[in-house]
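Visitor: Got a minute to go through this one with me? I'd like to start at one residue and work outwards.

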Amino acid sequence: MNLISFADDQISNEQVIPEWLTGWNVRVAARAVLLDEDNRVALMHIGTRNTYKLPGGGVDDEEHLEEALKREMLEETGCSIKPICDLGISLEKREMWKLFQISFSYLARVAKKGELILTPEEKEEGFALEWIDNIEKATELVANSPISDNKYDDLYMKIRDKNILLAAGKAIAAKPSLLA
């Protein structure tokens, strides 16, 4: 999606996109800390890079966030879901790609397990669903995932997903009934 507006502390009626933001795009995504009936956490293992990420991805044109979340969970985990609560938003500014990514993150529960619907690229990269015993172990796996030499997005995924998992852990600690 094209960046069409920018406002900062020097706001005026004639606010224009500064030169340094010319050509930047915005990608909106939906992600979840997805829990199964045993409160295990769904993580995607990317085999070719031996790294882990939360399931989720881009919101399609004309798609609402909750629709995108449900679609992404179905595709990447094979699960239909019930969102439990919002966890927050992660913002990424990726200079190399001239991209701002806004990830809306949720805590969700599996409603029904099924088959993954991976893209050809995800299959080629060796995506596989793994159920991790708890949020602490999932956070540790993500935080200790290696950053591939030629994968610019690994660092961003690692930071984003670790912080989403930490937010989920805090939400659950503050309100344990979320696990019920």
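Visitor: Where is Ala174?
Guide: Ala174 sits in helix H4. Helices here are DSSP runs of H or I with at least four residues, strands are runs of E with at least two, and both are numbered from the N terminus.

Visitor: Is Ala174 buried or exposed?
Guide: Exposed, with a relative accessible area of 67% for Ala174. Buried means under 20% relative accessible area, exposed over 50%, and partly exposed in between, with a 1.4 Å probe and protein chains only.

Visitor: What separates the C-alpha atoms of Ala174 and Leu65?
Guide: The C-alpha atoms of Ala174 and Leu65 are 25 Å apart, with the two positions 109 residues apart along the chain.

Visitor: What kind of model is this, and how are residues numbered?
Guide: It is a predicted model, where local features need pLDDT of at least 70, side-chain atom pairs count only at pLDDT 80 or more, and totals for chains, interfaces and linings use all residues. Residues are numbered from 1 along each chain as its sequence is written, and side-chain values use heavy atoms, leaving out hydrogens and water.

Visitor: Back to H4. Which helix holds Leu155, and how accessible is that residue?
Guide: Leu155 is in helix H4. Its relative accessibility is 39%, so Leu155 counts as partly exposed. The C-alpha atoms of Leu155 and Leu99 are separated by 15 Å, and the two are 56 residues apart along the chain.

Visitor: New topic. Which residues of H3 are buried?
Guide: Ile135, Ala138, Thr139 and Val142 are buried in H3, which covers residues 135-143.

Visitor: Why do they end up on the same side of H3?
Guide: They span an arc of only 100° around the axis, so they share one side of H3. That arc is taken from the directions from the helix axis to the C-beta atoms. In general, an α-helix has 3.6 residues a turn, so residues three or four places apart point the same way.

Visitor: What is on the other side of H3?
Guide: Glu136 and Glu140, both exposed.

Visitor: And what do the buried residues of H3 pack against?
Guide: They pack against strands S1 (25-35), S2 (41-46), S3 (51-53) and S7 (127-132), and against helix H4 (153-174). Contact means heavy atoms within 4.5 Å.

Visitor: Let's do backbone angles. What is phi of Asn39?
Guide: Near 60°, a positive value in a residue other than glycine. Asn39 is in the loop between S1 and S2. Its relative accessible area is 24%, so Asn39 is partly exposed.

Visitor: What about phi of Lys98?
Guide: Phi of Lys98 is near 50°, again positive in a residue other than glycine. Lys98 lies in the loop between strand S5 (80-94) and strand S6 (99-112). Lys98 is partly exposed, at 37% relative accessibility.

Visitor: Zoom out. How many helices and strands are in the chain?
Guide: Four helices and seven strands. Along the sequence the pattern is β-β-β-β-α-β-β-α-β-α-α. The radius of gyration is 17 Å, close to the 16 Å of the globule rule for 180 residues, so the chain is as compact as a globular protein of that length. That radius is taken over C-alpha atoms, and the rule is 2.2 Å times the number of residues to the power 0.38.

Visitor: How much of the chain counts as buried?
Guide: 41% of the 180 residues.
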